[in-house]
Amino acid sequence: MCNYLLIAISIILQYLAGMKKLTHDQISRNRAPAGEISSIRRLPLFALAENIRSLYNVGSIFRTADAILLGKLILTGYTPIPPRKEIEKTALGSTATVPWEYNKDPIAAIRALRTAGVRIVSLEHTDRSVPHTSVQLAEFPLCLVIGNEITGVSQEVLNECDGAIEIPMFGIKHSLNVAVAFGIAVFELARVCNQR
């Protein structure tokens with residue numbers, strides 16, 4: 001038994017030793033040039049940020065939105081908007097590649113999306129929330145609503161949502177950083193959306 005384990009470890013180590021990190025140029029060959037980003041087909045997935053206070057979280061949300069080709073990012077309430085150096089520090093230029101808009105009133109923004117046929121789902125723990133992995137392709141186009149770092153999505157905005165999803169938590173804390181939670185949720189939603 002020990003011989004098999006040693007052989008397996010040896011094979012794994014040989015494989016890992018042969019792995020080479022890609023250069024920025026090699027990675028860039030598989031990406032659209034920045035000048036062509038507006039012509040790329042985006043997902044029927046939107047995000048609405050309500051009262052995010054941290055500029056760094058906003059920048060991180062932009063960067064994640066770029067990674068999945070989010071349809072549009074809607075910043076609402078007192079969420080800071082570009083251009084701000086603190087946003088750019090984590091966005092790394094993605095404020096120029098992600099379609100975004102600002103609307104002070106999140107409820108007006110939600111109602112406009114709903115009129116356009118978009119389903120509204122909050123990322124929030126509620127008495128009716130379901131796992132973030134339970135969203136189905138038939139539920140798109142969809143807008144994910146994320147809320148304040150401390151208070152989450154407000155009850156007023158929650159009242160406008162068609163449903164809620166949550167990320168399971170197994171530790172002592174009951175929530176993740178908003179930008180981290182956004183990343184987990186939208187990558188799962190993008191995976192479902194890309195099944196079309």
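**Exercises on a predicted model**

Leu13 has its place in helix α1, which covers residues 2–18, and the exercises below, all on a predicted model, begin from this residue.

**Exercise 1.** Determine whether Leu13 is buried or exposed, and find which surface patch includes Leu13.

*Solution.* Begin with the relative accessibility of Leu13, which is 53%. Exposed means over 50% relative accessible area, and therefore Leu13 counts as exposed. Next, look at the side chains that form a patch with Leu13: together with Leu5, Ile9, Ile12, Tyr15 and Leu16, Leu13 makes a nonpolar surface patch of about 630 Å².

**Exercise 2.** Work out the strand order of the open sheet, and state which strands lie at the edges.

*Solution.* The open sheet has seven strands, and reading across it gives the order β3-β2-β1-β6-β4-β7-β5, with parallel pairing. At the edges stand β3 (100–103) and β5 (130–131), each of which pairs on one side only.

**Exercise 3.** Describe how β1 is joined to β2, and name the helices that pack on the sheet and touch both of these strands.

*Solution.* Take the strands before the helices. Strand β1 (residues 45–50) and strand β2 (residues 72–76) run parallel and are joined by five bridges; Glu50, for example, has Thr76 in β2 as its bridge partner. Helix α3 (residues 55–68) packs on the sheet, where it touches β1, β2, β3 and β6 (142–146), and its direction makes about 160 degrees with that of β2. Helix α5 (residues 106–115) also packs on the sheet, in contact with β1, β2, β3, β4 (119–123) and β6, and its direction makes about 165 degrees with that of β1.

**Exercise 4.** Locate the cis peptide bonds that lead into Pro83 and Pro141, and give the omega value for each.

*Solution.* The bond from Pro82 to Pro83 is cis, with omega near -5 degrees, and Pro83 belongs to the loop between β2 and α4 (85–91). The bond from Phe140 to Pro141 is likewise cis, with omega near 5 degrees, and Pro141 is placed in the loop between β5 and β6.

**Exercise 5.** Examine Leu69 and Leu92, giving for each the phi value, the loop and the degree of exposure.

*Solution.* Although Leu69 is not a glycine, its phi is positive, at about 60 degrees. Leu69 sits in the loop between α3 and β2, and because its relative accessibility is 23%, Leu69 counts as partly exposed. Turning to Leu92, phi is again positive, near 50 degrees, in a residue other than glycine. Leu92 lies in the loop between α4 and β3, and its relative accessible area of 56% is why Leu92 is exposed.

Notes. Residues are numbered from 1 along each chain as its sequence is written. This is a predicted model: local features need pLDDT of at least 70, side-chain atom pairs count only at pLDDT 80 or more; totals for chains, interfaces and linings use all residues. Side-chain values use heavy atoms; hydrogens and water are left out. Patches are made of residues with over 30% relative accessible area and no salt bridge: like charges are joined within 9 Å, nonpolar side chains (Val, Leu, Ile, Met, Phe, Trp, Tyr) within 5 Å. Accessible areas come from the Shrake-Rupley method with a 1.4 Å probe; for residues, only the protein chains shown count as cover. A salt bridge is a side-chain nitrogen of Lys or Arg within 4 Å of a carboxyl oxygen of Asp or Glu. Helices (H or I, at least four residues) and strands (E, at least two) are DSSP runs, numbered from the N terminus. Buried means under 20% relative accessible area, exposed over 50%, partly exposed in between (1.4 Å probe, protein chains only). Two strands pair if DSSP finds at least two bridges between them. Contact means heavy atoms within 4.5 Å. Axes are lines fitted to C-alpha atoms, for helices over the stretch in contact, and angles run from 0 to 180 degrees between N-to-C directions.
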